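Please keep the sequence and the three-dimensional view side by side while reading. The paragraphs that follow go from the whole chain to the ligand, and then to some individual elements.

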Amino acid sequence: MSTKIKGVKNNLQLSMPGGSLVDWLGGLGAEDIGVDLGSSNVVIYIKNQGLVFPESSVVAVREKNGEFVASGTRAEEMEGRTPKGIYTIRPIKESAIVDYRATAHLLNSIINQSYLKRMFFHPRLIICVPVGITGVQRRALLEAAFTMGARKTVLIEQPIASLMGIGLDASHMEGAMIVDVGGGTTSVSVASVHGIVVSDYSRMAGMAMDQAIIARVREVYKVEIGRKAAELVKIALGARWHIDNRKRSTSVCGTSLVTGLPVKIEVTGKVAAEALTPVLEHIFRKVRSVLQKTPPALLADIRDHGIMITGGAGQLKGLDQMITNLTGIPAYVVEHPLYVNAIGAGTALGYMNDLRDSMQDLR
Ligand SMILES: Nc1ncnc2c1ncn2[C@@H]1O[C@H](COP(=O)(O)OP(=O)(O)OP(=O)(O)O)[C@@H](O)[C@H]1O
């Protein structure tokens with residue numbers, strides 16, 4: 001299913017038309033950046049350049065002096081095998097910043113690297129934030145942006161960024177439902193021309209799926225597997241609603257809990273499905289509860305447009321079938337589900353001069 005309508009400007013918080021002279025001058029350069037800051041990945045969209053390949057939301061730190069020694073995918077590769085005196089952290093948990101200095105470092109290093117050694121000058125940022133973010137979390141995010149030298153930062157709600165990234169125009173629709181299944185959080189939102197109407201979130205998302213697979217494999221095969229192996233199983237086999245799930249299997253390596261030796265096992269689709277079902281049923285209950293709270297006037301539009309699934313773990317095989325079967329409303333994974341929020345933030349950069357600086361909240 002594809003629904004193409006344009007521009008979602010109405011849902012953005014606009015300031016004085018035209019913005020300041022500094023804004024206008026900044027708009028001429030390529031230093032406007034859209035950011036989707038996730039617990040698993042950071043995706044960046046640079047004005048006039050486009051998307052930057054996503055980096056893992058991981059930073060490696062030297063224990064003795066707190067110095068950052070690696071960030072992004074390079075730091076993720078160190079997870080679970082860091083040399084003595086170095087540890088890794090994930091500075092964003094469940095879409096909230098838990099360490100803003102590390103977040104600022106992560107953002108800075110990604111942006112500088114994407115600039116390919118070009119001189120990096122104080123950028124203007126649009127950052128996607130979850131619906132219902134607390135004042136403290138907003139502050140942490142804005143402080144991270146300030147620390148990295150941003151001269152203007154605008155926070156926009158993720159579902160609005162998703163709609164912009166998909167290319168939908170909220171001003172021409174009564175209601176749209178977005179189910180964003182990320183690494184640490186699943187958020188379910190209904191948006192209308194007036195903004196977010198109903199929304200709910202859960203910690204049951206991609207990482208919870210990995211943990212459920214690790215636990216089930218331990219139980220069935222008496223083998224301990226790592227997070228990466230569990231992720232491979234998740235991506236390869238998917239949910240029980242996936243048509244091929246029962247026939248398939250995939251092999252991963254782990255440590256036998258009986259002998260303590262490394263082993264290779266064949267995990268079946270049935271075992272993966274057993275692990276994933278409770279997580280997916282939890283996600284479904286969130287979808288159902290948001291639908292139940294949605295004003296009836298919006299339901300017809302949601303039915304027409306279908307339920308849009310975004311986020312990395314939204315690609316789980318069978319998840320769209322599950323939501324379709326259980327709600328009776330067609331659900332589909334949007335194009336570029338991992339990048340759609342960053343693309344939306346990138347689209348919103350076009351209105352940067354007119355948007356209110358969220359940094360004003362800090363002062
Ligand atoms: N093809 C796939 N099938 C299932 N899961 C996938 C697939 N590709 C990626 N994932 C999962 O998507 C998750 C990351 O998604 P995403 O990058 O949207 O999260 P995030 O935005 O960083 O997290 P959050 O929104 O919770 O802060 C990971 O758990 C990863 O294992």
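A residue is called buried here if 20 or more other C-beta atoms lie within 10 Å of its own, exposed if 12 or fewer do, and partly exposed in between. By that criterion, buried residues account for 51% of the 363 residues in the protein. The model is a predicted one, and it contains eleven helices together with 18 strands. Of the contacts between residues at least 6 apart in sequence, 69% join residues that are at least 24 apart.

The ligand offers a convenient place to start. It is surrounded by 21 residues, of which Gly38, Ser40, Gly182, Gly206 and Gly312 are the closest. Sorted by class, the residues of this shell comprise six nonpolar, 13 polar and two charged ones. Helix 6, which spans 206–221, and helix 7, which spans 227–237, each contribute at least two residues to the shell, and the largest share, three residues, comes from helix 7.

Helix 7 deserves a closer look for its surroundings as well. Its buried residues are Ala229, Ala230, Glu231, Val233, Lys234 and Leu237, a list in which Glu231 and Lys234 appear beside Ala229 and Val233. An α-helix has 3.6 residues a turn, so residues three or four places apart point the same way. The cover over the buried residues of helix 7 includes helix 6, strand 15 (249–256), strand 16 (262–268) and helix 8 (269–293). After helix 7 comes glycine 238, with a positive phi near 75°.

Positive phi values also occur at residues that are not glycine. Most residues other than glycine have a negative phi, and most peptide bonds are trans. Lysine 222, which is not a glycine, nevertheless has a positive phi of about 55°, and this residue lies in the loop between helix 6 and strand 14 (223–224). With 14 other C-beta atoms within 10 Å, lysine 222 is partly exposed. Histidine 336 is likewise not a glycine and has a positive phi of about 50°; its place is in the loop between strand 18 (331–333) and helix 11 (340–348). Histidine 336 has 15 C-beta neighbours inside 10 Å, and therefore counts as partly exposed.

From that loop the chain leads into helix 11, which can be examined together with helix 5 (158–166). The axes of these two helices come within 7 Å and cross at roughly 85°. Because angles of 65 to 115 degrees count as roughly perpendicular, helix 5 and helix 11 are described as roughly perpendicular to each other. On the side of helix 5, the residues that meet helix 11 are Gln158, Ala161, Ser162, Leu163, Met164, Gly165 and Ile166, while helix 11 brings Val340, Asn341, Ile343, Gly344, Ala345, Thr347 and Ala348. By class, this contact consists of eight nonpolar and six polar residues, with no charged residue.

The last element to follow is an open sheet of three strands, arranged in the order 5-4-6 with antiparallel pairing. Strand 5 (68–71) and strand 6 (86–89) form its edges, and each has a single partner strand, so one side of each is left without a neighbour in the sheet. From one strand to the next, the twist averages 25°. Strand 4, residues 59–62, pairs with strand 6 in the antiparallel sense over four bridges. Which residue of strand 6 stands opposite arginine 62? The residue in question is isoleucine 86.

Notes
Residues numbered from 1 in each chain as written. Predicted model: local features only at pLDDT ≥ 70, side-chain atom pairs only at ≥ 80, totals over all residues. Contact = placed C-beta atoms within 7 Å. Near = placed C-beta within 6 Å. Nonpolar A, V, L, I, M, F, W, Y, C, P; charged D, E, K, R; others polar. Axes fitted to C-alpha atoms, helices over the stretch in contact; angles between N-to-C directions. Parallel < 35°, antiparallel > 145°, perpendicular 65-115°, else oblique. Pairing = 2+ DSSP bridges.
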